[in-house]
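Work through the exercises below with the model open. Try each task before reading its solution.

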Amino acid sequence: MSGFLPVDSLDSPRFVGLATFMRLPQAQTGDRLDAAILGLPSDSGSPFRTGARFGPQAVRAMSIMLRPINPYRDHVNVFERLAIADAGDASVVPGYLEDSFERLEASVDQLVTGGVVPLSIGGDHSVSLPALRAVARRRGPLSLVHFDAHSDTWRTYFGGRKYSAGTPFRRGAEEGIIDPASSIQLGMRGSLFRADDVSQSVDLGFQVLTTDEMLELGSAGVAAQVAERVGDRPVYLTFDLDFVDPAGAPGVQTPEAGGPTPREALAFLRALAPMNLAGADVVEVNPLFDGPGQVTALLGATVALEILSLLAVRRAGGPDE
Ligand SMILES: [Mn+2]
């Protein structure tokens, strides 16, 4: 038993109490944790619909619907297997992206240095770069498993600006904190700025599966490709909610028509083999554009629990590093 259990919503109604992720305990200094939820509430890298700064709050609010046992992963009780707490939010400097990066990186670094696997809740997708920097400092170059409608490997935005929600994985490759040769991008689709928008990732060394290719392969086929690509290397998993069709996840910065349903997206995650997860994030939940019922935030919370489950089944075989 981990000692860090969510409040049981069979005993205490879901709407009672402070809105930590899944009603988990708040992390305290000195806690021996396996993983922690960390909000990265920055949307200063958004080229389009800002509002993902409210993502962590929205995801926590809907995470009260989740339960600790995952029937899709051999009924693992995630929180008996792992010590997980909610580490609150990193601080940011709204409108100042690089100042925000410093603060985000410092908060992720604090967890990673303590041996804790960070599961960050964004924020727009630019927050993955400071998180990757912190995780890679400790765990070396990382294999990226990236669910997204867009590659986020564009060179620059708006006249040479290097940092944006559209550039983190090119910067990560350039900085040597991502190893593209053992990384895979999943879900690219839609219209392009330039003819090489998808092949630019391949040119960097990433493997790319488009949404069409994923749906053709099915969840088992995609999982096999991911497992083969990453092997046992340390992995950073990043999930942008715009991977999902806007009918199922309207509350995002850059919606892209023609995506997987929430059911299909969860099936892809649930089929993934246990991997050596060093860090992860769920990004681009923008509650200002969410549908009635906060469906995008609910899906974001569900994705986060699937990622924790993936970590829990891996840890069954003994702790990593
Ligand atoms: Mn993205």
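Contact here means heavy atoms within 4.5 Å. The model is predicted.

**Exercise 1. Place S63 in its surroundings: which residues does S63 touch, and is S63 buried or exposed?**

Solution.
1. Start with the element: S63 belongs to helix α1, residues 55-63.
2. Leave out residues up to four places away in sequence; S63 then touches T20, F21, M22 and A301.
3. Check the side chain: a polar atom of S63 lies 2.7 Å from the backbone oxygen of R60.
4. Compare sequence with space: S63 and G300 are 237 residues apart in the chain, yet 8.5 Å apart from C-alpha to C-alpha.
5. Buried means under 20% relative accessible area. S63 has 0%, so S63 is buried.

**Exercise 2. Describe the manganese site: which residues are the protein donors?**

Solution.
1. List the donors: H125 (ND1), D148 (OD), D152 (OD) and D240 (OD), at 2.1 to 2.3 Å from the manganese ion.
2. Write their spacing: H-x22-D-x3-D-x87-D.
3. Test accessibility: D148 is buried at 0%, and D152 is buried at 4%.

**Exercise 3. Classify the ring pair of F147 and F243: what is its geometry?**

Solution.
1. Count the aromatic pairs in the structure: seven.
2. Take F147 and F243: their ring centres are 5.3 Å apart and their planes stand at 85°, so the pair is edge-to-face.
3. Locate both: F147 is in strand β6 and F243 in the loop between β9 and α8, so the pair ties together parts 96 residues apart in sequence.
4. Extend the set: F147, F239, F243 and F268 form one aromatic cluster.

Notes. Residues are numbered from 1 along each chain as its sequence is written. This is a predicted model: local features need pLDDT of at least 70, side-chain atom pairs count only at pLDDT 80 or more; totals for chains, interfaces and linings use all residues. Side-chain values use heavy atoms; hydrogens and water are left out. Donors are N, O and S atoms within 2.8 Å of the metal (3.2 Å for Na, K and Ca); water is not among the atoms, so sites may look incomplete. Buried means under 20% relative accessible area, exposed over 50%, partly exposed in between (1.4 Å probe, protein chains only). Helices (H or I, at least four residues) and strands (E, at least two) are DSSP runs, numbered from the N terminus. A polar contact is a pair of N or O atoms within 3.5 Å; within protein, one must be able to donate a hydrogen and the other to accept it, and residues adjacent in sequence count only if both atoms are side-chain atoms. Rings of Phe, Tyr and Trp (its six-membered ring) pair if their centres lie within 6.5 Å; planes under 30 degrees apart count as stacked, over 60 as edge-to-face and the rest as tilted.
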